Amino acid sequence: MPNFIPPAVAKDPAAGFLRLLEVLNTLRTECPWDKKQTMETLRHLSIEETYELSDAIMEGDMQEVKKELGDVMMHLVFYARIAEEQGAFDILDVLNGVCEKLINRHPHIYGDVDVQNEDDVKRNWEKIKLKEGNKSVLGGVPASLPALVKAARIQEKARGVGFDWEDKTQVWEKVEEELQEFKAEFNVEDNSAIDAEKAEAEFGDLLFSLINYARFIKINPENALEKTNKKFIKRFQYLEEKAKENGKALQDMTLAEMDIYWNEAKKH
């Protein structure tokens with residue numbers, strides 16, 4: 001086996017990008033694992049790396065953000081290398097393509113279009129995308145996005161062309177309306193049978209309206225829910241630790257006993 005010497009540490013961004021290309025190209029031709037990879041085999045790994053980047057951002061761990069950005073960037077270069085081998089496109093096509101798109105979609109920077117605020121920018125963006133061939137304003141929302149994120153993106157896209165509520169009080173009225181409709185299908189005051197399909201539909205409407213209200217008051221619903229998830233995990237793990245310290249198993253404890261530790265966790 002030849003002894004491959006990695007390129008020297010780069011001193012500027014352009015050289016750093018070329019270094020990544022050189023390393024990846026070497027691995028693609030010499031490493032048994034890298035040789036076997038296809039776009040399909042990389043796909044689930046790329047999704048995992050994206051979530052790891054998201055976790056690092058949520059934790060505010062900049063060293064982890066830096067590391068995960070590198071992993072994501074490596075995947076992007078890898079896809080371009082595979083495409084080049086297939087004669088489809090190369091990394092230069094990718095870079096020029098995204099630059100041209102950004103220039104075209106920012107006529108207020110690279111052209112003579114005037115904008116007053118962020119909303120004007122978003123409206124122009126959606127209009128330009130339709131001119132580029134998109135058949136629907138919502139066509140750019142990936143079908144495989146998680147439902148909560150997808151709902152937020154759908155609403156943002158609709159707002160970009162003026163389809164939106166005028167005032168947050170209207171949005172909250174919609175939330176209350178959907179809550180009442182859900183309660184009508186799922187009566188919390190008795191144990192009568194419910195129509196699960198109708199209740200599910202009404203619950204979906206309620207969630208959609210809450211996400212809409214969050215957007216209206218500039219709360220990112222995905223971030224808000226993830227922070228609550230992390231808070232719950234930390235409190236529950238505290239509960240587990242305290243139970244273990246006292247020689248108890250959670251499944252053998254009463255809810256009242258667990259609540260004692262849970263309330264301690266909230267104080268911490």
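This section describes the salt bridges, the largest pocket, a nonpolar surface patch and selected residues of a predicted model.

The structure contains 17 salt bridges. One of them joins the side chains of Arg28 and Glu85, with an N to O distance of 2.8 Å. Because Arg28 belongs to helix α1 (residues 13-30) and Glu85 to helix α4, this pair ties together parts that are 57 residues apart in sequence. The two partners are assigned to separate classes of solvent accessibility. Arg28 has a relative accessibility of 10% and therefore counts as buried, the cut-off being under 20%. Glu85, at 40% relative accessibility, counts as partly exposed.

A second group of charged side chains was examined as a set. Asp119, Arg159, Asp164 and Arg215 are linked in a network of salt bridges. Within this network, the side chains of Arg159 and Asp119 meet at 3.2 Å, N to O. This pair links distant parts of the chain, with Arg159 placed in helix α8 and Asp119 in helix α7, 40 residues apart. Arg159 is partly exposed, its relative accessible area being 32%, and Asp119 is likewise classed as partly exposed, at 27% relative accessibility. Asp164 forms a salt bridge with Arg215, in which the closest N and O atoms are 2.8 Å apart. Here too the pair links distant parts of the chain: Asp164 lies in the loop between α8 and α9, whereas Arg215 lies in helix α10, 51 residues apart. Asp164 counts as partly exposed at 24% relative accessibility. Arg215, by contrast, has a relative accessibility of 14%, so this residue falls under the 20% limit and counts as buried.

The largest pocket was characterised next. Its volume is about 790 Å³. The lining comprises 28 residues, of which Ala152, Arg153, Glu156, Asn220 and Pro221 are the closest to the centre of the pocket. Several helices take part in the lining: α3 (39-59), α7 (118-131), α8 (147-160), α10 and α11 (221-245) each supply at least two residues. The greatest contribution is that of α3, which gives 7 residues to the lining of the largest pocket.

Helix α10 also takes part in a feature of the surface. A nonpolar patch of about 350 Å² is made by Trp172, Phe203, Leu207 and Leu210. Helix α10 (residues 196-216) gives the most to this patch, with 3 residues. Trp172, another member of the patch, is located in helix α9 (residues 168-185). With a relative accessible area of 36%, Trp172 is partly exposed, because this value lies between the limits of 20% and 50%.

The loop between α10 and α11 contains Lys218, whose backbone conformation was considered separately. Most residues other than glycine have a negative phi. In Lys218, however, phi is near 65 degrees, a positive value in a residue other than glycine. Lys218 is exposed, since its relative accessible area of 77% is over the 50% cut-off.

A second loop position, Asn134, is found between α7 and α8. Asn134 is partly exposed, with a relative accessible area of 28%. The C-alpha atoms of Asn134 and Pro146 are 22 Å apart in space, and the two residues are separated by 12 residues in sequence.

The final residue considered is Val77, in helix α4 (residues 62-85). Which residues does Val77 touch, not counting residues up to four places away in sequence? The contacts of Val77 are with Phe17, Leu20, Leu21 and Leu24. Val77 has a relative accessible area of 3% and is therefore buried, as this value is under 20%. In relation to Lys267, Val77 is 190 residues apart in sequence and 47 Å apart in space, C-alpha to C-alpha.

Methods: Residues are numbered from 1 along each chain as its sequence is written. This is a predicted model: local features need pLDDT of at least 70, side-chain atom pairs count only at pLDDT 80 or more; totals for chains, interfaces and linings use all residues. Side-chain values use heavy atoms; hydrogens and water are left out. Helices (H or I, at least four residues) and strands (E, at least two) are DSSP runs, numbered from the N terminus. Buried means under 20% relative accessible area, exposed over 50%, partly exposed in between (1.4 Å probe, protein chains only). Contact means heavy atoms within 4.5 Å. Patches are made of residues with over 30% relative accessible area and no salt bridge: like charges are joined within 9 Å, nonpolar side chains (Val, Leu, Ile, Met, Phe, Trp, Tyr) within 5 Å. Accessible areas come from the Shrake-Rupley method with a 1.4 Å probe; for residues, only the protein chains shown count as cover. A salt bridge is a side-chain nitrogen of Lys or Arg within 4 Å of a carboxyl oxygen of Asp or Glu. On a 1 Å grid over the protein atoms alone, a cavity is a set of points where a 1.4 Å probe fits but cannot get out, and a pocket is an open set with protein on both sides within 12 Å along at least five of seven lines; lining residues have an atom within 4 Å of a point. Grid points are joined across faces, edges and corners, and a volume is the space filled by probe spheres set on the points.
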